[in-house]
Amino acid sequence: PDGFGVAHAGSSGNFVANATGEDSAAVSYEQGGRMQWVGVGNFPFNRNITRQLKPTPSSNEWWLSIQVNRLNWTGTPANNTQVVGGFVNAAGLGLQVGYDDLSDDGLPELVLRSGGVSSSATTSLKTDAASNDNQLVIVQLLVNQAGDDVMNIWIDPTSVLNPADLSITNQNITDSLTPFTQSKYESPGQSGVVYFDEVRLATSLLGATGVPEPTSLALMGLGTLLIARRRRG
């Protein structure tokens, strides 16, 4: 059984998702398809799409895997152009990946948001991300209930068993060991066209990528998996 309690809800007029478009091991596991966030003419939308999750397990370690692509994005400068998607709690805090034109030059950056779209808790992962490339992002969240959570981030990894590309230790994302209540995709201002695929949430690397850690066989298998994902998108 999947981990969703309800269907997608929200301002879904420009959101295209088929029944197999959202993958998330340990929350849901549905193969194939992809979701498209349609920014029609980059018209200003304050849109969000949510899907409530069934109860998630308790864990102090969470893994997010998500593949995004901004093919056909036609952003314009100085218009707060952004779209992110992932998993959050009731307050909108969590792990969301997507694009944000932080420099207002019409070329959005690949970003990780951990404090919701209205927060300044935005981490730039790749400047002016190419429009014809799939970007695979894997995030490990280690929850410290007293604050100061740790995020380890891999960007287009050949192996997540290598040292993380980026580590963040100064954010209090959640005080709960069951932090995620919904999947959420949102753009509070202008938005371009974005594709989301392989959106997975799990309490282990194996759950998020299908590859156990850490052995040489896992290292080889993960490299093959990541190459296949990029070719597919």
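**Exercise 1.** How many of the 9 residues of β5 are buried?

*Solution.* The model is predicted. In it, 8 of the 9 residues of β5 are buried, so the strand is largely enclosed by the rest of the structure.

**Exercise 2.** Identify the strands that pair with β5, and give a residue pair for each of them.

*Solution.* Step 1: β5 is joined to β10 by 8 bridges, and these two strands run antiparallel. Within this pairing, I66 has V137 of β10 as its bridge partner. Step 2: β5 also pairs with β14, again in the antiparallel sense, over 6 bridges. Here V68 stands opposite F196 of β14.

**Exercise 3.** Determine whether N69 is buried or exposed, and describe its surroundings.

*Solution.* Step 1: N69 belongs to strand β5, which covers residues 61-69. Step 2: a residue counts as buried when its relative accessible area is under 20%. The value for N69 is 7%, and therefore N69 is buried. Step 3: the side chain of N69 makes a polar contact with the side chain of N134, at 2.7 Å. Step 4: when neighbours within four places in sequence are left aside, the residues in contact with N69 include Y99, S131, D133, V193 and Y195.

**Exercise 4.** Follow the strand pairing from β10 onward to β12.

*Solution.* Step 1: β10 and β11 run antiparallel and are joined by 6 bridges. V137, the bridge partner of I66, also stands opposite I155 in β11. Step 2: β10 and β11 form a hairpin with 6 residues between the strands, where G147 takes a positive phi near 110°. Step 3: β11 is itself mostly covered, with 6 of its 7 residues buried. Step 4: 4 bridges join β11 to strand β12 (residues 166-171), and this pair is antiparallel. In this pairing, D149 has Q171 of β12 as its bridge partner.

**Exercise 5.** Which residues touch the most other members of the largest nonpolar core, and which strands supply at least two residues of this core?

*Solution.* Step 1: the largest nonpolar core has 33 residues, and L110 and F196 touch the most other members. Step 2: the strands that each supply at least two residues of this core are β3 (35-37), β5, β6 (82-88), β7 (94-100), β8 (109-113), β10 (135-142), β11 (149-155) and β14 (194-202). Step 3: a second, separate core has 8 residues, among them W63, W154, L205 and A208. Step 4: F196 thus appears twice in these exercises, as a residue of the largest core and as the residue opposite V68.

Note on methods: Residues are numbered from 1 along each chain as its sequence is written. This is a predicted model: local features need pLDDT of at least 70, side-chain atom pairs count only at pLDDT 80 or more; totals for chains, interfaces and linings use all residues. Side-chain values use heavy atoms; hydrogens and water are left out. Buried means under 20% relative accessible area, exposed over 50%, partly exposed in between (1.4 Å probe, protein chains only). A polar contact is a pair of N or O atoms within 3.5 Å; within protein, one must be able to donate a hydrogen and the other to accept it, and residues adjacent in sequence count only if both atoms are side-chain atoms. Contact means heavy atoms within 4.5 Å. A nonpolar core is a set of buried Ala, Val, Leu, Ile, Met, Phe, Trp, Tyr and Cys residues joined through side-chain atoms within 4.5 Å. Two strands pair if DSSP finds at least two bridges between them.
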